[in-house]
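Me: Please examine one part of this model closely and give a connected account of the helices and of individual residues within them. I would like the reasoning to be set out wherever a classification or a length is involved.

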Amino acid sequence: MEQKLVCDTVKDLLPLYVDHLTSEASNESIDAHLAECADCRTALTQMTEQVEVEAAPEVENFKKYLYKSKWSIFYWVMGSLAIIAIITCFIVNIAVEQRLSWSLIVLGGIITAYLPVYVAIEAENHKFIKAVAVLNGCVFGLLLLIQAVVYGVMGIGSMWIWRIGLPIALLWSAVVWVSILCHVCFQWNPMLALSVLCFLAVPANGLTNWLVGDYHSMADFTDNFVVNGLGDLMIGVVFLIIGLVFQMKRGKAQKERV
Ligand SMILES: [Zn+2]
């Protein structure tokens with residue numbers, strides 16, 4: 001009966017004990033009791049575990065906040081620099097040409113570089129894929145802007161956007177998105193997805209050169225393949241091997257767990 005009373009008293013004190021709010025004398029008595037009583041030791045372990053679990057989300061949130069604020073500072077510094085650059089361009093552009101032309105392209109370029117980073121920082125999930133999607137959209141916008149400014153405003157060159165600009169942009173977007181879909185839909189690891197990207201880059205490179213009008217003979221075709229295609233192929237094979245090794249290791253680990 002007396003033992004039970006001691007245990008109850010100790011258990012009542014444990015929350016204070018865990019938080020280091022008990023006096024030196026109480027600590028000594030509690031320590032002495034814990035050394036002998038398994039029941040109270042279990043109660044203490046459960047209590048400390050609970051405290052850790054409760055503290056974890058706050059610590060996680062704080063870490064997230066620190067991580068985000070670190071990126072936010074970077075983001076705002078880069079943003080301020082970008083705004084200064086754009087304003088300088090606008091002023092010089094108007095002073096020199098009495099109209100806005102190439103500063104619009106600078107603005108488009110900065111938005112293209114800046115927006116994907118912003119999305120990557122702010123997105124809650126699928127950061128990378130969302131950032132790539134935004135970058136993809138921005139590249140199309142930038143191409144249209146360059147065509148409009150260079151040809152429309154400055155009267156330089158021709159309408160290359162439909163013939164070359166958009167086809168090439170669409171071609172390379174397809175290469176990137178097929179690789180990303182392999183990763184998202186088939187759960188292929190990033191290395192395998194990268195190998196898909198490299199392999200698709202070989203025909204994409206050939207098509208790009210054909211669209212630009214670089215092929216005048218069979219020799220041009222083989223030259224381009226040796227310069228670009230072979231490199232892509234070799235890098236693709238390296239990624240493929242690394243990816244397959246990862247995939248096999250993961251498969252093994254899953255089997256062992258089962
Ligand atoms: Zn006890």
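**Helix lengths, a kink and residue environments**

Reply: Helix α4 comprises residues 102–122, and its 21 residues reach 30 Å from the first C-alpha to the last, close to the 30 Å expected at 1.5 Å a residue. The model is predicted. Within α4, the buried residues are S103, G108 and P116.

The close look concerns helix α7, which covers residues 190–212 and contains A201. The length of α7 may be tested in the manner used for α4. Because each residue should contribute 1.5 Å, the 23 residues of α7 are expected to span 33 Å; the C-alpha atoms at its ends are 31 Å apart, which agrees. The expected figure is 1.5 Å times one less than the number of residues.

The path of α7 nevertheless has a kink of about 30° at A201, shortly before the proline P203. At the end of the helix, α7 is followed by G213, a residue whose phi is positive, near 90°.

The environment of A201 can be stated with equal precision. A201 has 22 other C-beta atoms within 10 Å, and it is therefore classed as buried, the threshold for that class being 20 or more. A201 is joined in this class by other residues of α7, including L192, L194, S195, V196, L197 and C198. The buried residues of α7 also include A204 and N205. When residues up to four places away in sequence are left aside, A201 touches V175 and D232. I105, by contrast, is 96 residues from A201 in sequence, and the C-alpha atoms of the two are 28 Å apart.

Two tyrosines in other helices illustrate the remaining exposure classes. Y151 belongs to helix α5, which runs over residues 127–153. Y151 has 15 C-beta neighbours inside 10 Å and so counts as partly exposed, since that class lies between the limits of 12 or fewer for exposed and 20 or more for buried. Leaving out residues up to four places away in sequence, Y151 touches I156, G157, S158 and M159.

Y67 lies in helix α3, residues 38–97. With 11 C-beta neighbours inside 10 Å, Y67 is therefore counted as exposed. Y67 and I121 are 54 residues apart in sequence, yet their C-alpha atoms are 9.6 Å apart in space.

To return to the part under examination, α7 agrees with its expected span, has its kink at A201, and holds that residue in a buried position.

Notes:
Residues numbered from 1 in each chain as written. Predicted model: local features only at pLDDT ≥ 70, side-chain atom pairs only at ≥ 80, totals over all residues. Helix = DSSP H or I, 4+ residues; strand = E, 2+ residues; numbered from the N terminus. Contact = placed C-beta atoms within 7 Å. Bend = angle between axes of the 7 residues up to and from the residue.
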